[in-house]
Amino acid sequence: MSDPRTSVSALDAALAVLAEAGLAGCGATAAGPGGEVLLLSVPEALEEAITGPDGTQLRARLRDAGFRYVALDLAPRTDFS
Amino acid sequence: VQSKRDILLRILRECQSLLVGYSGGVDSVFLARIAVDTLGAGNVLAVTGRSASLPSWMESTARAVATDFGIPWLEVSTDELADPRYAANPFNRCYFCKSELWTRLRAVAEERGFRTIADGANADDAGDHRPGAAAGAEQGIRSPLLEAGLTKAEIRAWSRELGLPTWDQPAAPCLASRIPYGLSVTEERLRQVERAESALRALGFRDFRVRHHGELARVEAARSELPELLRRRAEVHRAISAAGFAAVAADAEGYRRGALNEVLDVFELVPLRMAR
């Protein structure tokens with residue numbers, strides 16, 4: 001897998017997947033030494049959509065965008081409004 | 001299952017005397033205990049290889065169980081981190097670690113007159129990516145649990161019957177397994193992982209891994225623990241940040257064994273022996 005940070009399209013693709021799933025309010029960055037982690041900032045109300053059983057397909061599509069792992073940022077939440 | 005148990009006892013009796021590579025995990029604790037029951041304490045020695053990659057709680061478990069169950073126990077230092085081939089963290093990193101471990105243990109076995117050296121590999125390990133098994137095969141290390149066909153579930157059940165406190169202990173591979181291939185293994189990174197995992201354990205979490213991605217700690221929690229992890233995000237973030245990570249994240253998929261092996265598109269499975 002190429003380094004997603006060398007390809008803006010990976011992050012763009014992930015954001016498009018999120019928007020399509022109705023999760024446009026999520027923030028997304030590439031993290032890790034090779035940009036292998038898609039790091040999502042997610043409002044609490046939307047967490048289940050990503051981590052729950054119904055999110056299996058969504059997680060797979062996010063990985064297919066060019067990431068090995070999809071993870072939720074645990075940093076204190078900022079205002080998503 | 002009874003026939004597997006009989007096969008294991010037969011294998012152990014054939015060994016006559018046994019040095020067990022003893023990490024403090026479910027399998028090696030069980031093997032050491034059964035070996036003592038079968039061969040007598042005078043014919044068994046459990047040896048723990050101590051290095052920065054061994055979680056300190058496992059070393060404590062190894063020591064405590066050996067004391068409580070009359071298992072002769074010895075600790076030897078291993079220095080795999082000094083081997084640049086190991087520290088570079090290639091896909092076959094475990095080979096270099098196990099080579100170091102078995103070389104040290106072989107010297108102990110020869111010095112003390114133990115005929116056979118064994119590890120705690122079991123039947124469930126047979127299809128996994130285990131380059132360390134190649135090092136064992138090269139040095140003639142036996143795997144009695146695997147040879148008897150005993151699965152992890154069967155070993156847990158038998159451990160419970162024997163009163164071993166490890167019967168329900170989560171699987172606990174070495175700390176280096178938390179560092180993605182290609183990111184070098186250093187004492188500092190191993191310490192960070194250990195501190196982070198200890199902190200999470202202190203918060204009550206039990207089945208998880210903290211994966212080291214440089215500045216980022218990615219926590220893989222068992223799916224049963226993931227909602228709680230997210231609910232207590234502030235505590236978790238504080239605890240793991242204190243281990244020296246700039247960012248902390250919860251893996252959306254949750255814990256799965258060998259997650260860092262998912263990058264191995266093609267790898268050679270190391271054949272492991274099993275008795276018929």
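Which residue in β7(B) does A:A71 stand opposite? That residue is B:D251, and the views below start from this spot in what is a predicted model.

**View 1. Where β3(A) meets β7(B).** Here a strand of chain A pairs with a strand of chain B: β3(A) and β7(B), residues 247–251, run antiparallel and are joined by 3 bridges. Look for A:A71 on one strand and B:D251 facing it on the other. As background, strands of a sheet pair through backbone hydrogen bonds, either parallel or antiparallel.

**View 2. One sheet built from two chains.** Step back a little and the pair from View 1 turns out to sit inside an open sheet of 6 strands, in the order β1(A)-β2(A)-β3(A)-β7(B)-β6(B)-β5(B). The pairing in this sheet is mixed. At the edges are β1 of chain A (27–31) and β5 of chain B (208–213); each has a single partner strand, so one side of each has no neighbour in the sheet. Going across, neighbouring strands are turned against each other by 35° on average, if direction is ignored.

**View 3. The chain B end of that sheet.** This one zooms in on β5(B) and its partner β6(B), residues 216–221, which pair in the antiparallel sense over 6 bridges. To find your place, pick out B:V210, whose bridge partner in β6(B) is B:V219.

**View 4. The interface between chain A and chain B.** Now for everything that touches: 23 residues of chain A are in contact with 22 residues of chain B. Together the two chains bury about 1,800 Å², and 58% of that lies on carbon and sulfur atoms. Three residues stand out on the chain A side, since A:T51, A:Y69 and A:L74 supply 39% of the area chain A buries against chain B, more than any other three residues.

**View 5. Charged and polar pairs across the interface.** Side chains of opposite charge can pair when their charged atoms come close. Between chain A and chain B there are 3 salt bridges. One of the pairs to look for is A:R63 with B:E253, a salt bridge with an N to O distance of 2.6 Å. The two chains also share 10 residue pairs in polar contact, counting residues at pLDDT 80 or more. On chain A, the elements giving two or more residues to the side that touches chain B are β2 (37–41), α2 (44–51), α3 (56–64) and β3 (69–73). The largest share, 5 residues, comes from β3(A). Sorted by class, this side of chain A has 13 nonpolar, 3 polar and 7 charged residues.

**View 6. A second sheet, within chain B.** This open sheet has 4 strands, ordered β3-β2-β1-β4, and its pairing is parallel. The edge strands are β3 (73–77) and β4 (116–118) of chain B, each with a single partner strand, so one side of each is left without a neighbour in the sheet. From one strand to the next, the twist averages 25°. Strand β1(B), residues 18–21, pairs with β4(B) over 3 bridges, and B:V20 stands opposite B:A118.

**View 7. Helices lying across the chain B sheet.** Helix α3(B), residues 56–68, lies across β2 (44–50) and β3 of chain B, at about 155° to β3(B). Helix α5(B), residues 93–112, lies across β1, β2, β3 and β4 of chain B, at about 130° to β3(B).

Note on methods:
Residues are numbered from 1 along each chain as its sequence is written. Chains are lettered from A and ligands numbered from 1 in the order in which they are written. This is a predicted model: local features need pLDDT of at least 70, side-chain atom pairs count only at pLDDT 80 or more; totals for chains, interfaces and linings use all residues. Side-chain values use heavy atoms; hydrogens and water are left out. Two strands pair if DSSP finds at least two bridges between them. Axes are lines fitted to C-alpha atoms, for helices over the stretch in contact, and angles run from 0 to 180 degrees between N-to-C directions. Contact means heavy atoms within 4.5 Å. Buried area is the accessible area (1.4 Å probe) that two parts lose on being put together, summed over both. A salt bridge is a side-chain nitrogen of Lys or Arg within 4 Å of a carboxyl oxygen of Asp or Glu. A polar contact is a pair of N or O atoms within 3.5 Å; within protein, one must be able to donate a hydrogen and the other to accept it, and residues adjacent in sequence count only if both atoms are side-chain atoms. Ala, Val, Leu, Ile, Met, Phe, Trp, Tyr, Cys and Pro count as nonpolar, Asp, Glu, Lys and Arg as charged, and the others, Gly among them, as polar.
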